[in-house]
Amino acid sequence: MAKAAKTNTRTFTQNARRAQIVQAAIETLAESGYAKTSFTRISQQAQLSSTGMISYHFSGKPELFAEVVHTIMERADNVAAAHMNKENTYRGKLSAYITSHFDFVARYPLHTQALTEIVRMVRDQQITGLENAERSIMSVDRLVALLEQGRGAGEFADFECFTMALALRGAIDSVLRHHLCGVAMDLDRCARELADAFDRCTQAVQRTP
């Protein structure tokens, strides 16, 4: 609520400048890595006159990187929603959820790499104050809800939804980590095969009378 109230008090120009800085931070993280991402490099990427313009809009790196995470996750959620809203069954929505991750990586490679750098930054304990952002990145709450709804509708088997959600996210993240490390792979094929594999292992067993 506090964040929403603060956002509503900003002018159009202030919001536009913040978005410009966030985009520059995404590009700098993706191209230079977190170790070399400084306010100086971000200001140069954004073509700002000084780093003071960043400090005016963000109290420090934790606030800026938290906004980077929010921006990337919001865009990823929009891509997922666009895929899933086309489906009328929970099995279809689950497959769409999986393929949306690969679609996002293909369409927004800089955003994907920037998010990976922030995760590394937090895990290497190079920055504090991003605990909420890390929880947002790692959360499987929406996936758990989808699995529970599908199970309740009889489309999925009777499995423990949190465990299945972790397995699914782990499989997706593992493939994408290899892709980001330069391993040659067909992302479309990976998406299809993962979607098919998890469709088979989650669908309800059809019992004959």
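## Helix α9 and its neighbours

Contact here means heavy atoms within 4.5 Å of each other. Keep that in mind as you look around this predicted model, starting with helix α9. The buried residues of α9 pack against three other helices: α5 (61-84), α6 (90-107) and α10 (161-180).

α9 itself runs over residues 141-152, so to speak a stretch of 12 residues. From the first C-alpha to the last, α9 reaches 16 Å, close to the 16 Å expected at 1.5 Å a residue.

## Two faces of α9

Which residues of α9 are buried? They are Leu143, Val144, Leu146, Leu147 and Gly150. These cover an arc of only 160° around the axis, so they end up on the same side of α9.

Now turn to the face pointing away from that buried side: here you'll find the exposed residues Asp141, Arg142 and Gly152. Just past the helix, α9 is followed by glycine 154, which has a positive phi, near 85°.

## Aromatic pairs

How many aromatic pairs does a search of the whole structure find? There are 2. In one, the ring centres of phenylalanine 104 and tyrosine 108 sit 5.1 Å apart with their planes at 35°, so this pair is tilted. Phenylalanine 104 is buried, at a relative accessible area of 7%.

The pair formed by phenylalanine 156 and phenylalanine 159 is tilted too, with 6.2 Å centre to centre and 40° between the planes. Are these two rings' residues buried or exposed? Phenylalanine 156 has 4% relative accessibility, so it counts as buried, and phenylalanine 159, at 13%, counts as buried as well.

Conventions: Residues are numbered from 1 along each chain as its sequence is written. This is a predicted model: local features need pLDDT of at least 70, side-chain atom pairs count only at pLDDT 80 or more; totals for chains, interfaces and linings use all residues. Side-chain values use heavy atoms; hydrogens and water are left out. Helices (H or I, at least four residues) and strands (E, at least two) are DSSP runs, numbered from the N terminus. The expected span of a helix is 1.5 Å times one less than its number of residues. Buried means under 20% relative accessible area, exposed over 50%, partly exposed in between (1.4 Å probe, protein chains only). The arc is that of the directions from the helix axis to the C-beta atoms. Rings of Phe, Tyr and Trp (its six-membered ring) pair if their centres lie within 6.5 Å; planes under 30 degrees apart count as stacked, over 60 as edge-to-face and the rest as tilted.
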